[in-house]
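Subject: Structure handover

Hi,

Here is the structure I promised to pass on. Please load it first, then read the notes below.

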Amino acid sequence: MIWLEGKEQIDSVKAMMREMTEPITAILVGAGDRGADTYGEYALQHPDLIKFIAIAEPQKKRREKFVNKHQIPARNVFESWEPLLDKEKIADVAIITTQDKMHYEPTKRALKLGYDVLLEKPMSTTLEECKSLADISDEEDRILQICHVQRYAPFYSSIKSLIDSGKIGKVVNISLRENISSFHYAHSFIRGHWHNRENSSPMILAKSCHDMDILYWLVNQKALKISSFGSQKFFGRENMPEGAPDFCLRGCPIEDSCLYNSKRIYLDIIPLLHIGAKSSRGMERFIIKTVLKFPQLANLPMFKRVKNFTEWPVSTITNDFTREGILKALSETNYGKCVYKIDDHNVVDHQVVNIEFEDKTTTSFTMHGFSDEEGRTIRIDGTKGTIIGEHLASGDRVVHIDHLTDRRSNVWKSGRLVGHGGGDDGLMKAFLENIESESKQNVLTNARAALESHLMAFAADIARLENRVVELEEMR
Ligand SMILES: NC(=O)c1ccc[n+]([C@@H]2O[C@H](COP(=O)([O-])OP(=O)(O)OC[C@H]3O[C@@H](n4cnc5c(N)ncnc54)[C@H](O)[C@@H]3O)[C@@H](O)[C@H]2O)c1
């Protein structure tokens, strides 16, 4: 009881302190999946920490939804980033979540206005622009934090702490796999924003700059040499089923057996149900398994959320979540098209990258878009121990094996964590703490650090395209 009273007092002091400190104010450039649904939602859940006070977003529905949810005053609502950043600085920070090719200009302008910036990855789609942003943030003495969310996920931070503790000795080799599930690859990299490298960025930059960053962070050395192979092996007209129409909904002869059937992905959300069926939460697992077995039960009120699913990836394809709205998107946009007939799809569907670091550590990385379950797996061999990790959509596991005693111990274990395995929340928390403490030193994924992962990604792309080993020094 005494403890409870003490705890109540501490809680009320904390609440008073929160009331006394104003939340950090933010402007948002781009209210899409990341801007509105990730960082916007974080602000709504933590009103004492951050408040959006201005927005630039060209899509009317997205803009209005954000304005209503965050109560943005009319004078601070813009259809594009330019007029917002033509004004004097009006908030503490800028959060920039436009598409890959639209990162450079608004970030440069925001830094020059004196904003500290949280910028989505990739920093930019050319190495010159990435370098330039790191330089500008130094010149302006501003925080430029890049959304390499993986570093903030407990899965990777537990691995990093274990390496730093010295328990596995010196790291000698790491092998990391990024297993992208078939439906996610189809959604983002065949039908979606990142299917064409000229309009967005190469796959190794768009998706795997996170993995380059993790390798750089864990090895704690700069990369020296890189080789890489990969291609688009499967998705093309040569593998198209006979008689396939342009859109799945127009009577495809293999609709019941096609993994990529748009109705299966966006209306029946079968791939998401498969992930949920492995959930560590008993009730969630029960509901989802029941719906998978008896789809007609999805109409019952207790299963409502399964039926009226409005989150990613459905949120990417439409703003109208009625059955009619989703069917319309599947009839008119790329998201309903046959995956074998999207002729400007030119990003790789599998790639391997080998890296030698300055201290002679070697790493191998594999990315592919044909996995059953979304997730990453990692094996780290050191001179005294081994770490084996699984970072999957259904949950995490990190095991440490000591070579001398052969003892295996669980380092980290968790059920499904939302938002990049907890990385999204961790990133926002760290960003706001950095702003509060006005400390550039503590920014884990600052622009300088992120520049290394981007360099590695650009080098891997060149190595693959030019079929040669790339020395990183030639690009620094
Ligand atoms: N950190 C991660 O793990 C992670 C995950 C997914 C995506 N991303 C990155 O986040 C970024 C955004 O991705 P997304 O999925 O949210 O994309 P999105 O297309 O859903 O959002 C981008 C938004 O920017 C808006 N926009 C376009 N032109 C604009 C302008 N002139 N001014 C202001 N806004 C404008 C678009 O209308 C759209 O709403 C991309 O660079 C992507 O690569 C990062």
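What distance separates the centres of domain 2 and domain 3, taken over C-alpha atoms? It is 29 Å. Bear in mind that this is a predicted model.

Domains

The protein chain is split three ways. Domain 1 covers 2-149, and domain 3 covers 240-341. Domain 2 is assembled from 151-235, 345-420 and 444-474. Between domain 2 and domain 3, 15 residues of the former are in contact with 16 of the latter. On the domain 2 side, helix α8 (residues 182-190) gives the most, with 5 residues. That side holds 5 nonpolar, 7 polar and 3 charged residues.

Ligand

The ligand is surrounded by 26 residues. The closest are Gly30, Gly32, Asp33, Arg34 and Glu120. Helix α2 (residues 33-45) supplies the largest share of the shell, 3 residues. By class, the shell has 9 nonpolar, 10 polar and 7 charged residues. Domain 1 and domain 2 each contribute at least three residues to the shell.

Sheet

An open sheet is built from 9 strands, with mixed pairing. The order is β14-β13-β12-β11-β7-β10-β9-β8-β15. Its edge strands are β14 (408-415) and β15 (470-471), each paired on one side only. Strand β8 (residues 223-231) pairs with β15 in the antiparallel sense, over 2 bridges. Lys225 stands opposite Glu471 of β15.

Two helices to look at here are α8 and α19. Helix α8 packs on the sheet and touches β7 (171-181) and β10 (362-371). The direction of α8 makes about 75° with that of β7. Helix α19 also packs on the sheet, touching β8, β9 (350-357) and β15. The direction of α19 makes about 50° with that of β8.

Helix pairs

Helix α6 (residues 127-139) packs with helix α19 (residues 447-466) at an angle of about 170°. Their axes are 10 Å apart. Angles over 145 degrees count as roughly antiparallel, so α6 is roughly antiparallel to α19. From α6, the contact uses Leu127, Cys130, Lys131, Leu133, Ala134 and Ser137. From α19, it uses Ala447, Arg448, Leu451, His454, Leu455 and Phe458. The contact of α6 with α19 has 8 nonpolar, 2 polar and 2 charged residues.

Helix α5 (residues 104-113) also packs with α6, at about 10°, with axes 10 Å apart. The two helices are therefore roughly parallel to each other. On the α5 side, the contact is made by Tyr104, Thr107, Lys108, Leu111 and Lys112. On the α6 side are Glu129, Leu133, Ile136 and Ser137. This contact divides into 4 nonpolar, 2 polar and 3 charged residues.

Backbone points to check

Which peptide bonds are cis? One runs from Lys121 to Pro122, with omega near -10°. Pro122 is in the loop between β5 (116-119) and α6. Another joins Trp312 and Pro313, with omega about 5°. Pro313 is in the loop between α14 (304-307) and α15 (314-317).

Asp141 has a positive phi of about 55°, although it is not a glycine. Asp141 is found in the loop between α6 and β6 (144-146).

Best wishes

How values were computed. Residues numbered from 1 in each chain as written. Predicted model: local features only at pLDDT ≥ 70, side-chain atom pairs only at ≥ 80, totals over all residues. Domains from an automatic or database assignment. Contact = placed C-beta atoms within 7 Å. Helix = DSSP H or I, 4+ residues; strand = E, 2+ residues; numbered from the N terminus. Nonpolar A, V, L, I, M, F, W, Y, C, P; charged D, E, K, R; others polar. Near = placed C-beta within 6 Å. Axes fitted to C-alpha atoms, helices over the stretch in contact; angles between N-to-C directions. Parallel < 35°, antiparallel > 145°, perpendicular 65-115°, else oblique. Pairing = 2+ DSSP bridges.
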